[in-house]
Amino acid sequence: MKLLITGLAGFIGHAVARRLSGQGHQILGLDNLNDYYDVALKQARLEDLADCEDIRFVRLDLADRDGMAALFAEHRFDRVIHLAAQAGVRYSLENPHVYVDSNLVGHLNVLEGCRRHGVEHLVYASSSSVYGMNDKVPFATADNVDHPVSLYAATKKANELMAHTYSHLYGIPTTGLRFFTVYGPWGRPDMAMFKFTRAILAGQPLQVFNHGDMSRDFTYIDDIVEGVVRILEVIPGSDPAWRASHGGPDTSSAPYALYNIGHGSPVGLMDFIRAVEAATGREAICDYQAMQPGDVPRTWADTEALFAATGYRPQVKVEEGARRFVDWYRGYYGV
Ligand code: NAD
(Lines give C-alpha, C1' and ligand atoms only; values in the text may rest on other atoms or scores of the structure.)
Protein backbone atom coordinates (compact mmCIF):
# COMPACT_ATOMS: atom_id res chain seq x y z
CA MET A 1 0.00 0.00 0.00
CA LYS A 2 0.97 3.62 -0.46
CA LEU A 3 0.71 5.14 2.98
CA LEU A 4 0.91 8.73 4.17
CA ILE A 5 1.89 9.19 7.80
CA THR A 6 1.60 12.77 9.01
CA GLY A 7 3.67 13.73 12.05
CA LEU A 8 6.48 11.32 11.09
CA ALA A 9 9.03 13.09 13.32
CA GLY A 10 6.62 13.05 16.25
CA PHE A 11 6.52 10.60 19.13
CA ILE A 12 3.69 8.41 17.81
CA GLY A 13 4.36 8.94 14.08
CA HIS A 14 7.93 7.70 14.40
CA ALA A 15 6.82 4.59 16.29
CA VAL A 16 4.00 3.77 13.86
CA ALA A 17 6.32 4.20 10.86
CA ARG A 18 8.98 1.95 12.42
CA ARG A 19 6.33 -0.74 13.02
CA LEU A 20 4.92 -0.57 9.45
CA SER A 21 8.31 -0.52 7.76
CA GLY A 22 9.45 -3.74 6.12
CA GLN A 23 5.92 -4.93 5.37
CA GLY A 24 5.80 -4.14 1.66
CA HIS A 25 4.34 -0.63 1.92
CA GLN A 26 5.59 2.59 0.39
CA ILE A 27 5.50 5.09 3.22
CA LEU A 28 5.69 8.85 2.88
CA GLY A 29 6.10 10.74 6.13
CA LEU A 30 5.26 14.40 6.51
CA ASP A 31 6.22 16.83 9.28
CA ASN A 32 6.91 20.56 9.60
CA LEU A 33 9.51 19.95 12.37
CA ASN A 34 8.17 22.83 14.44
CA ASP A 35 9.89 23.89 17.65
CA TYR A 36 7.07 23.21 20.12
CA TYR A 37 9.67 21.00 21.79
CA ASP A 38 13.29 20.02 21.16
CA VAL A 39 13.77 19.89 17.36
CA ALA A 40 16.91 17.79 17.85
CA LEU A 41 14.74 15.00 19.27
CA LYS A 42 12.50 15.15 16.18
CA GLN A 43 15.59 15.04 13.94
CA ALA A 44 16.92 12.10 15.92
CA ARG A 45 13.66 10.20 15.40
CA LEU A 46 14.00 10.78 11.65
CA GLU A 47 17.62 9.62 11.75
CA ASP A 48 16.46 6.52 13.61
CA LEU A 49 14.28 5.72 10.57
CA ALA A 50 17.09 6.37 8.08
CA ASP A 51 17.72 2.63 7.63
CA CYS A 52 14.11 2.10 6.46
CA GLU A 53 14.29 2.19 2.67
CA ASP A 54 10.51 2.15 2.33
CA ILE A 55 10.09 5.43 4.25
CA ARG A 56 10.57 8.81 2.62
CA PHE A 57 10.27 12.12 4.42
CA VAL A 58 8.88 15.43 3.21
CA ARG A 59 8.95 18.64 5.22
CA LEU A 60 5.58 20.30 4.79
CA ASP A 61 3.07 22.21 6.90
CA LEU A 62 -0.40 20.70 7.11
CA ALA A 63 -1.86 24.19 6.84
CA ASP A 64 -0.18 24.75 3.45
CA ARG A 65 -3.26 24.24 1.31
CA ASP A 66 -1.53 24.18 -2.07
CA GLY A 67 1.35 22.06 -0.81
CA MET A 68 -1.03 19.51 0.68
CA ALA A 69 -3.16 19.40 -2.48
CA ALA A 70 -0.04 18.82 -4.60
CA LEU A 71 1.22 16.10 -2.26
CA PHE A 72 -2.04 14.14 -2.46
CA ALA A 73 -2.25 14.62 -6.25
CA GLU A 74 1.30 13.39 -6.76
CA HIS A 75 1.23 10.32 -4.54
CA ARG A 76 -2.35 8.96 -4.65
CA PHE A 77 -2.16 7.34 -1.23
CA ASP A 78 -4.21 4.22 -0.49
CA ARG A 79 -4.48 4.95 3.22
CA VAL A 80 -3.59 7.87 5.46
CA ILE A 81 -2.51 7.84 9.11
CA HIS A 82 -2.91 11.41 10.26
CA LEU A 83 -1.00 12.06 13.48
CA ALA A 84 0.47 15.54 12.98
CA ALA A 85 -1.16 18.15 15.18
CA GLN A 86 -0.35 20.80 17.69
CA ALA A 87 -0.56 18.79 20.90
CA GLY A 88 -0.60 19.92 24.52
CA VAL A 89 -3.38 21.27 26.73
CA ARG A 90 -1.41 23.94 28.61
CA TYR A 91 0.28 25.37 25.51
CA SER A 92 -3.16 25.93 23.95
CA LEU A 93 -3.94 28.53 26.62
CA GLU A 94 -1.02 30.69 25.43
CA ASN A 95 -0.95 29.90 21.70
CA PRO A 96 -4.52 29.35 20.52
CA HIS A 97 -3.99 30.26 16.86
CA VAL A 98 -1.50 27.51 16.12
CA TYR A 99 -4.18 24.97 17.15
CA VAL A 100 -6.57 26.37 14.59
CA ASP A 101 -3.91 26.36 11.85
CA SER A 102 -2.49 22.90 12.46
CA ASN A 103 -5.47 21.05 13.88
CA LEU A 104 -8.41 22.56 12.00
CA VAL A 105 -7.05 23.95 8.72
CA GLY A 106 -4.52 21.11 8.60
CA HIS A 107 -7.18 18.47 9.26
CA LEU A 108 -9.38 19.98 6.54
CA ASN A 109 -6.49 19.79 4.06
CA VAL A 110 -6.06 16.10 4.89
CA LEU A 111 -9.80 15.45 4.49
CA GLU A 112 -9.83 17.29 1.16
CA GLY A 113 -6.85 15.27 -0.09
CA CYS A 114 -8.66 12.06 0.88
CA ARG A 115 -11.84 13.21 -0.87
CA ARG A 116 -10.20 14.29 -4.09
CA HIS A 117 -8.04 11.23 -4.48
CA GLY A 118 -10.28 8.42 -3.21
CA VAL A 119 -8.24 7.41 -0.15
CA GLU A 120 -9.70 4.13 1.06
CA HIS A 121 -9.22 4.75 4.80
CA LEU A 122 -8.25 7.80 6.85
CA VAL A 123 -7.16 7.00 10.40
CA TYR A 124 -6.53 10.12 12.50
CA ALA A 125 -5.54 10.98 16.05
CA SER A 126 -8.19 12.28 18.38
CA SER A 127 -7.65 12.44 22.13
CA SER A 128 -9.02 11.38 25.51
CA SER A 129 -9.15 15.11 26.25
CA VAL A 130 -12.44 15.34 24.30
CA TYR A 131 -14.12 13.67 27.31
CA GLY A 132 -13.20 16.70 29.43
CA MET A 133 -14.91 16.80 32.81
CA ASN A 134 -17.03 13.74 32.08
CA ASP A 135 -17.55 11.75 35.29
CA LYS A 136 -19.12 8.61 33.82
CA VAL A 137 -16.33 6.04 33.92
CA PRO A 138 -14.82 4.32 32.11
CA PHE A 139 -15.04 6.75 29.17
CA ALA A 140 -16.78 5.11 26.19
CA THR A 141 -17.08 6.59 22.70
CA ALA A 142 -20.64 5.27 22.43
CA ASP A 143 -21.78 7.23 25.50
CA ASN A 144 -21.33 10.62 23.80
CA VAL A 145 -20.11 12.07 27.08
CA ASP A 146 -17.52 14.43 25.67
CA HIS A 147 -17.23 17.96 27.03
CA PRO A 148 -13.87 19.52 25.99
CA VAL A 149 -12.43 22.04 28.46
CA SER A 150 -9.40 23.28 26.50
CA LEU A 151 -8.96 24.62 23.00
CA TYR A 152 -6.72 21.64 22.22
CA ALA A 153 -9.55 19.28 23.18
CA ALA A 154 -12.06 21.37 21.21
CA THR A 155 -9.96 21.04 18.05
CA LYS A 156 -9.78 17.27 18.55
CA LYS A 157 -13.56 17.09 18.96
CA ALA A 158 -13.88 19.27 15.85
CA ASN A 159 -11.65 16.81 13.97
CA GLU A 160 -14.16 14.06 14.73
CA LEU A 161 -17.11 16.20 13.60
CA MET A 162 -15.32 17.21 10.40
CA ALA A 163 -14.42 13.59 9.68
CA HIS A 164 -18.04 12.60 10.23
CA THR A 165 -19.25 15.09 7.65
CA TYR A 166 -16.72 13.87 5.08
CA SER A 167 -17.66 10.25 5.74
CA HIS A 168 -21.34 11.14 5.47
CA LEU A 169 -21.18 13.44 2.44
CA TYR A 170 -18.50 11.73 0.39
CA GLY A 171 -18.41 8.18 1.71
CA ILE A 172 -14.78 8.43 2.84
CA PRO A 173 -14.08 5.81 5.49
CA THR A 174 -12.64 7.61 8.52
CA THR A 175 -11.61 6.33 11.92
CA GLY A 176 -10.78 8.61 14.85
CA LEU A 177 -8.58 7.23 17.60
CA ARG A 178 -8.87 8.76 21.04
CA PHE A 179 -5.41 8.16 22.49
CA PHE A 180 -5.01 8.19 26.28
CA THR A 181 -1.83 9.76 27.74
CA VAL A 182 0.89 8.01 25.75
CA TYR A 183 4.39 7.40 27.14
CA GLY A 184 7.45 5.35 26.28
CA PRO A 185 10.83 5.52 24.49
CA TRP A 186 11.24 8.56 22.19
CA GLY A 187 8.45 10.22 24.19
CA ARG A 188 7.58 13.89 24.34
CA PRO A 189 9.57 16.24 26.61
CA ASP A 190 6.41 18.17 27.52
CA MET A 191 4.72 15.11 29.04
CA ALA A 192 4.77 13.79 32.61
CA MET A 193 6.92 10.65 32.20
CA PHE A 194 9.67 12.63 30.48
CA LYS A 195 9.54 15.60 32.85
CA PHE A 196 9.45 13.43 35.98
CA THR A 197 12.36 11.27 34.81
CA ARG A 198 14.43 14.31 33.89
CA ALA A 199 13.75 16.01 37.25
CA ILE A 200 14.35 12.88 39.35
CA LEU A 201 17.65 12.06 37.60
CA ALA A 202 18.79 15.69 37.99
CA GLY A 203 17.81 15.77 41.67
CA GLN A 204 15.38 18.61 40.98
CA PRO A 205 11.81 19.09 42.21
CA LEU A 206 8.99 18.00 39.96
CA GLN A 207 5.70 19.84 39.70
CA VAL A 208 2.76 17.75 40.88
CA PHE A 209 -0.50 19.34 39.81
CA ASN A 210 -3.76 19.21 41.78
CA HIS A 211 -1.57 18.17 44.74
CA GLY A 212 -1.26 14.70 43.18
CA ASP A 213 -5.00 14.12 43.29
CA MET A 214 -5.56 13.06 39.68
CA SER A 215 -5.35 9.92 37.64
CA ARG A 216 -4.59 9.09 34.05
CA ASP A 217 -5.01 6.05 31.89
CA PHE A 218 -1.31 5.99 30.94
CA THR A 219 -0.80 3.99 27.75
CA TYR A 220 2.48 2.53 26.56
CA ILE A 221 3.57 3.50 23.03
CA ASP A 222 3.70 -0.11 21.75
CA ASP A 223 0.06 -0.59 22.72
CA ILE A 224 -0.91 2.59 20.84
CA VAL A 225 1.04 1.43 17.77
CA GLU A 226 -0.57 -2.01 17.82
CA GLY A 227 -4.00 -0.41 18.01
CA VAL A 228 -3.27 1.97 15.11
CA VAL A 229 -1.88 -0.78 12.89
CA ARG A 230 -4.82 -3.11 13.55
CA ILE A 231 -7.43 -0.36 13.09
CA LEU A 232 -5.88 0.57 9.75
CA GLU A 233 -7.26 -2.78 8.51
CA VAL A 234 -10.74 -2.27 9.96
CA ILE A 235 -12.29 -0.06 7.31
CA PRO A 236 -15.58 1.39 8.54
CA GLY A 237 -18.63 0.33 6.59
CA SER A 238 -16.99 -2.42 4.58
CA ASP A 239 -15.32 -4.71 7.03
CA PRO A 240 -17.25 -7.46 8.87
CA ALA A 241 -15.23 -6.72 12.04
CA TRP A 242 -16.39 -3.10 11.93
CA ARG A 243 -19.99 -4.10 11.34
CA ALA A 244 -19.85 -6.58 14.23
CA SER A 245 -18.44 -4.00 16.63
CA HIS A 246 -21.04 -1.42 15.57
CA GLY A 247 -24.06 -3.71 15.77
CA GLY A 248 -24.68 -4.15 12.05
CA PRO A 249 -24.49 -2.28 8.78
CA ASP A 250 -27.48 -0.01 9.42
CA THR A 251 -26.32 1.77 12.57
CA SER A 252 -24.81 4.64 10.62
CA SER A 253 -25.16 5.98 7.13
CA ALA A 254 -21.54 7.12 7.21
CA PRO A 255 -18.45 4.88 7.09
CA TYR A 256 -17.28 6.56 10.28
CA ALA A 257 -15.82 5.07 13.44
CA LEU A 258 -14.27 6.18 16.70
CA TYR A 259 -12.26 4.12 19.17
CA ASN A 260 -10.47 4.68 22.43
CA ILE A 261 -6.92 3.42 22.60
CA GLY A 262 -5.98 3.41 26.26
CA HIS A 263 -4.62 0.90 28.73
CA GLY A 264 -8.03 0.59 30.38
CA SER A 265 -6.95 1.13 34.00
CA PRO A 266 -6.34 4.55 35.52
CA VAL A 267 -3.21 5.11 37.62
CA GLY A 268 -3.04 7.75 40.36
CA LEU A 269 -0.43 10.44 39.80
CA MET A 270 1.44 9.52 43.00
CA ASP A 271 1.56 5.83 41.95
CA PHE A 272 2.86 6.95 38.58
CA ILE A 273 5.64 8.92 40.30
CA ARG A 274 6.44 5.83 42.40
CA ALA A 275 6.83 3.81 39.19
CA VAL A 276 9.33 6.38 37.86
CA GLU A 277 11.15 6.37 41.23
CA ALA A 278 11.42 2.57 41.07
CA ALA A 279 12.65 2.67 37.47
CA THR A 280 15.29 5.34 38.21
CA GLY A 281 16.22 4.02 41.66
CA ARG A 282 15.93 7.59 43.01
CA GLU A 283 13.45 9.49 45.15
CA ALA A 284 11.33 12.31 43.76
CA ILE A 285 11.22 15.75 45.33
CA CYS A 286 7.59 16.79 44.86
CA ASP A 287 6.50 20.41 44.46
CA TYR A 288 2.72 20.26 44.95
CA GLN A 289 0.71 22.74 42.93
CA ALA A 290 -2.92 23.64 42.17
CA MET A 291 -4.89 22.17 39.29
CA GLN A 292 -3.94 23.78 35.97
CA PRO A 293 -6.63 25.45 33.85
CA GLY A 294 -7.78 23.14 31.05
CA ASP A 295 -6.67 20.00 32.92
CA VAL A 296 -9.08 17.25 33.92
CA PRO A 297 -8.98 15.22 37.15
CA ARG A 298 -9.04 11.79 35.54
CA THR A 299 -9.15 9.74 32.36
CA TRP A 300 -10.11 6.10 31.97
CA ALA A 301 -10.59 4.31 28.65
CA ASP A 302 -13.31 1.80 27.96
CA THR A 303 -11.47 -0.51 25.55
CA GLU A 304 -14.32 -2.89 24.67
CA ALA A 305 -14.97 -1.40 21.21
CA LEU A 306 -11.26 -1.64 20.33
CA PHE A 307 -11.24 -5.25 21.49
CA ALA A 308 -14.42 -6.11 19.56
CA ALA A 309 -12.98 -4.64 16.36
CA THR A 310 -9.40 -5.88 16.60
CA GLY A 311 -9.19 -8.61 19.25
CA TYR A 312 -6.53 -6.51 20.94
CA ARG A 313 -6.26 -5.10 24.46
CA PRO A 314 -3.39 -2.84 25.49
CA GLN A 315 -1.08 -4.80 27.75
CA VAL A 316 1.94 -2.99 29.17
CA LYS A 317 1.60 -1.98 32.82
CA VAL A 318 3.02 1.31 33.99
CA GLU A 319 5.81 -0.23 36.12
CA GLU A 320 7.17 -2.11 33.10
CA GLY A 321 6.60 0.85 30.76
CA ALA A 322 8.43 3.20 33.14
CA ARG A 323 11.42 0.83 33.20
CA ARG A 324 11.55 0.75 29.41
CA PHE A 325 11.24 4.53 29.18
CA VAL A 326 13.96 5.19 31.76
CA ASP A 327 16.29 2.72 29.98
CA TRP A 328 15.77 4.60 26.73
CA TYR A 329 16.16 8.00 28.43
CA ARG A 330 19.45 7.03 30.08
CA GLY A 331 20.80 5.66 26.82
CA TYR A 332 19.68 8.59 24.69
CA TYR A 333 20.94 11.31 27.04
CA GLY A 334 23.86 9.33 28.43
CA VAL A 335 22.83 9.87 32.07
P1 NAD B 1 4.18 15.06 18.66
O2 NAD B 1 4.09 16.54 18.90
O3 NAD B 1 5.37 14.34 19.15
O4 NAD B 1 4.00 14.75 17.12
C5 NAD B 1 3.29 15.58 16.23
C6 NAD B 1 4.18 15.89 15.05
O7 NAD B 1 3.42 16.68 14.15
C8 NAD B 1 5.41 16.71 15.44
O9 NAD B 1 6.59 16.10 14.96
C10 NAD B 1 5.17 18.07 14.80
O11 NAD B 1 6.38 18.66 14.32
C12 NAD B 1 4.22 17.73 13.67
N13 NAD B 1 3.34 18.85 13.34
C14 NAD B 1 2.64 19.63 14.18
N15 NAD B 1 1.97 20.57 13.50
C16 NAD B 1 2.23 20.35 12.19
C17 NAD B 1 1.85 20.99 10.99
N18 NAD B 1 1.05 22.07 11.01
N19 NAD B 1 2.30 20.51 9.82
C20 NAD B 1 3.13 19.43 9.78
N21 NAD B 1 3.56 18.80 10.89
C22 NAD B 1 3.11 19.25 12.08
O23 NAD B 1 2.85 14.44 19.31
P24 NAD B 1 2.45 12.92 19.51
O25 NAD B 1 2.43 12.66 20.97
O26 NAD B 1 3.20 12.04 18.61
O27 NAD B 1 0.94 13.00 19.04
C28 NAD B 1 0.51 12.51 17.77
C29 NAD B 1 -0.99 12.74 17.68
O30 NAD B 1 -1.66 12.06 18.74
C31 NAD B 1 -1.39 14.20 17.78
O32 NAD B 1 -2.48 14.41 16.91
C33 NAD B 1 -1.84 14.34 19.22
O34 NAD B 1 -2.78 15.39 19.37
C35 NAD B 1 -2.46 12.98 19.45
N36 NAD B 1 -2.50 12.57 20.85
C37 NAD B 1 -1.34 12.32 21.52
C38 NAD B 1 -1.41 11.91 22.85
C39 NAD B 1 -0.18 11.62 23.67
O40 NAD B 1 -0.32 11.33 24.86
N41 NAD B 1 1.02 11.66 23.10
C42 NAD B 1 -2.66 11.76 23.49
C43 NAD B 1 -3.80 12.02 22.76
C44 NAD B 1 -3.72 12.40 21.44
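How many helices and strands are there in the protein? This predicted model has 12 helices and 13 strands. Its radius of gyration is 19 Å, close to the 20 Å that the globule rule gives for 335 residues, so the protein is as compact as a globular protein of that length. Along the principal axes, the C-alpha trace spans about 55 × 45 × 35 Å.

Now look inside. Of the 335 residues, 46% count as buried. Contacts tell us about the chain's path. Take those between residues at least 6 apart in sequence: 81% of them join residues at least 24 apart.

Next comes the annotated domain. An unreviewed UniProt entry lists residues 4–234 as "domain: NAD-dependent epimerase/dehydratase". Over residues 4–234, the chain is 43% helix and 18% strand. The end C-alpha atoms of this stretch are 17 Å apart.

Turn to the ligand. There are 27 residues around it. Which of them come nearest? They are G7, G10, A84, A85 and A125. The elements that give two or more residues to the shell are α1 (11–20), α5 (96–116) and β5 (121–127). Helix α1 provides the largest share, three residues. What does the shell have by class? It has 13 nonpolar residues, 10 polar ones and four charged ones.

To trace the ligand's surroundings in the structure, begin at α1, residues 11–20. Then find α5 at 96–116, and β5 at 121–127. Finish with the nearest residues, among them G7 and A125.

Conventions. Residues are numbered from 1 along each chain as its sequence is written. This is a predicted model: local features need pLDDT of at least 70, side-chain atom pairs count only at pLDDT 80 or more; totals for chains, interfaces and linings use all residues. UniProt positions are given in the numbering used here, feature names are shortened, and annotations may be inferred rather than shown by experiment. Helices (H or I, at least four residues) and strands (E, at least two) are DSSP runs, numbered from the N terminus. The radius of gyration is taken over C-alpha atoms; the globule rule is 2.2 Å times the number of residues to the power 0.38. A residue is buried if 20 or more other C-beta atoms lie within 10 Å of its own, exposed if 12 or fewer, and partly exposed in between; C-beta atoms are placed from the backbone. Two residues are in contact if their C-beta atoms, placed from the backbone, lie within 7 Å. A residue is near a molecule or strand if its C-beta atom, placed from the backbone, lies within 6 Å of it. Ala, Val, Leu, Ile, Met, Phe, Trp, Tyr, Cys and Pro count as nonpolar, Asp, Glu, Lys and Arg as charged, and the others, Gly among them, as polar.
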